[in-house]
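User: I have a structure here and want to talk through how its pieces pack. Can you take my questions one at a time?

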Amino acid sequence: MTTDPDKQELLIVTGMSGAGRSTVANALEDLGWYVVDNLPPQMLRPLVELVERAGTNLPKIAAVVDIRGRDLFGDFRETVQSLRSGIQVRVVFLEARDDVLVRRFESVRRPHPLQGEGTLLDGISAERARLLVVRESSDIVIDTSDLNVHQLATATTELFAAEGTAGVQVTIMSFGFKYGLPTDVDMVADARFLPNPFWIPELRGHTGQDAEVRDFVLAQEGAGEFIDRYAAALEPVLAGYQRENKRHATIGIGCTGGKHRSVAMARELGSRLEKLPGVVVNIKHRDLGRE
């Protein structure tokens, strides 16, 4: 099924219990989709009406629907067809082999929603029969039997990422060590090996965003070498993040007060990293203005 990039889209994610609906939902959220999990089937129509009224003000919408919404599946083809009259609708069906589903349920020690007083296989068999018409009506069928959660997330990204959005969002955060280490960073670098502009009267009142301070910091011995080597070291890391479907990374760069050196170095590092394929850079200055 071809898609129209200018038309609002609803993605219905359904399929066998234990086949990976939650993993797909999380991957879609990382791609910027608005995901409604465990949506009652009777709410699909109001959801579509909301999307139609909002127009381009809402991002792409994904609704995760499972066997607990049994009323949907009796007339699934008709329901989907009626939804398609207003917006673009695609249905993704997730499935897996019986032995894989049994192993997954046993690993989390949860019963199948349809097994009742029977066995796991009884529940799986009943669900597979009920969902046969749904599978036949789906636009995309993904067999997750041989996929781990990371591989399934990667497959979802490859299928549904808009052109240019796949990759890793990198936040470079400058901070002051005297205010404490940030708790939400993946990696930390220390710019305190450079001379502090604070002790130069004509630079003290400026920040690392000003040309005077930036030029001073970057002209110091070791500054350029540090940026060159750190950016080079991060290149395979960020490429690996993309392969492993890690879509967000935060890099902290600290100095004493978070005003001069760390700000200038964060900006310079960001200018290097944004040239890497698949990398989108956002720069934050946590402690700028606190002094």
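User: How many residues of strand 1 are buried?

Analyst: This is a predicted model. Strand 1 spans residues 9-15 and is mostly covered. Glu-9, Leu-11, Val-13 and Gly-15 are buried on one side, and Leu-10, Ile-12 and Thr-14 are buried on the other. Buried residues in strand 1: 7 of 7.

User: Which residue of strand 4 stands opposite Val-13?

Analyst: Strand 4 covers residues 88-95 and runs parallel to strand 1. The two strands are joined by 7 bridges. Opposite Val-13 stands Val-92.

User: And in strand 3, which residue stands opposite Leu-11?

Analyst: Strand 3, residues 61-64, also runs parallel to strand 1. Here 4 bridges make the link. Opposite Leu-11 stands Ala-62.

User: Is helix 1 parallel or oblique to helix 7, and why?

Analyst: Take helix 1 as residues 21-30 and helix 7 as residues 149-160. Their axes come within 9 Å and cross at roughly 50°. Angles under 35 degrees would count as roughly parallel, and 65 to 115 as roughly perpendicular. The crossing angle therefore makes helix 1, relative to helix 7, oblique.

User: What is the handedness of that crossing of helix 1 and helix 7?

Analyst: The axes of these two helices cross at roughly 50°. The crossing is right-handed.

User: How many charged residues does the contact of helix 1 with helix 7 have?

Analyst: Helix 1 contributes Thr-23, Val-24, Ala-27 and Leu-28. Helix 7 brings Val-149, Leu-152, Ala-153, Thr-156 and Phe-160. By class, 7 are nonpolar and 2 are polar. Charged residues: none.

Note on methods: Residues are numbered from 1 along each chain as its sequence is written. This is a predicted model: local features need pLDDT of at least 70, side-chain atom pairs count only at pLDDT 80 or more; totals for chains, interfaces and linings use all residues. Side-chain values use heavy atoms; hydrogens and water are left out. Buried means under 20% relative accessible area, exposed over 50%, partly exposed in between (1.4 Å probe, protein chains only). Two strands pair if DSSP finds at least two bridges between them. Axes are lines fitted to C-alpha atoms, for helices over the stretch in contact, and angles run from 0 to 180 degrees between N-to-C directions. Angles under 35 degrees count as roughly parallel, over 145 as roughly antiparallel, 65 to 115 as roughly perpendicular and the rest as oblique. A crossing is left-handed if the near helix is turned anticlockwise from the far one by less than a right angle, and right-handed if clockwise. Contact means heavy atoms within 4.5 Å. Ala, Val, Leu, Ile, Met, Phe, Trp, Tyr, Cys and Pro count as nonpolar, Asp, Glu, Lys and Arg as charged, and the others, Gly among them, as polar.
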